[in-house]
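Biologist: I am new to this structure and would like a close look at a single part of it, explained with some care. Please take me through it once the sequence and the model are in front of us.

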Amino acid sequence: MAEDRKAALVRITGRVQGVCFRAWTRNEAQMLGLCGWVRNERDGSVTALIAGPTAAVDTMLHRLWEGPPGASVSTVASEDASSIHAPAGFQITH
């Protein structure tokens, strides 16, 4: 049986820049075996594309509510996305 896969485009708001949120996200995603990217946005939010096994993506979506020490997450808004655009591995982009 093929493994269920999922991709989500996520926007995280709150105090999420200047607290190593991107590096934390990359590390968490790598530990979960996810592919994708994370970047800061001009409006102070963080956007991420996360793709991989459904259970791992769901776990990451829950972890994004916590964030690294110093972060204060207000919202985690996700929408289904295509994993076609996810790079191999997980990257911090600009």
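Is Cys35 buried, partly exposed or exposed? And from there, please look closely at how helices H1 and H2 pack, together with the core around them.

Modeller: This is a predicted model, and I will begin with the cysteine before turning to the helices. Cys35 counts as partly exposed, because its relative accessibility is 23% and the partly exposed class lies between 20% and 50%. Cys20, by contrast, has a relative accessible area of 58% and is exposed, and the structure holds 0 disulfides.

Turning to the helices, H1 spans residues 21-31 and H2 spans residues 54-64. Two packed helices are described by the angle between their axes and the distance between the axes. Here H1 and H2 pack at an angle of about 155 degrees, and their axes are 11 Å apart. H1 is therefore roughly antiparallel to H2, since angles over 145 degrees are counted in that way. The crossing in which H1 passes H2 is right-handed, and the residues that make the contact are Phe21, Trp24, Thr25, Glu28 and Ala29 on the H1 side, with Met60, Arg63 and Leu64 on the H2 side.

Two of these contact residues deserve a further word. Thr25, which lies in helix H1, counts as buried because its relative accessibility is 1%, and, leaving aside its neighbours within four places in sequence, Thr25 is in contact with Met60 and Leu64 as well as with Val38 and Phe90. Phe21, again leaving aside its neighbours within four places in sequence, touches Leu64 too, and its other contacts are Ile12, Val16, Val46, Gly67, Pro68, Ala71 and Val73.

Phe21 and Leu64 also lead into the largest nonpolar core, which has 22 residues and in which Val10, Ile12, Phe21, Ile50 and Leu64 have the most contacts. At least two residues of this core are supplied by each of strand E1, helix H1, strand E3, helix H2 and strand E4, and the largest share, 5 residues, comes from H2. Apart from this core lies another one, of 5 residues, including Ala7, Trp37, Ala51 and Ala86.

Finally, H2 also holds Asp58, which counts as partly exposed because its relative accessibility is 28%. Asp58 and Gly89 are 31 residues apart along the chain, and their C-alpha atoms are separated by 18 Å.

Key:
Residues numbered from 1 in each chain as written. Predicted model: local features only at pLDDT ≥ 70, side-chain atom pairs only at ≥ 80, totals over all residues. Heavy atoms only, no water. Core = buried A, V, L, I, M, F, W, Y, C linked by side-chain atoms within 4.5 Å. Buried < 20%, exposed > 50% of the residue type's maximum accessible area, 1.4 Å probe, protein only. Helix = DSSP H or I, 4+ residues; strand = E, 2+ residues; numbered from the N terminus. Contact = heavy atoms within 4.5 Å. Disulfide = S-S within 2.5 Å. Axes fitted to C-alpha atoms, helices over the stretch in contact; angles between N-to-C directions. Parallel < 35°, antiparallel > 145°, perpendicular 65-115°, else oblique. Left-handed = near helix turned anticlockwise from the far one by under 90°.
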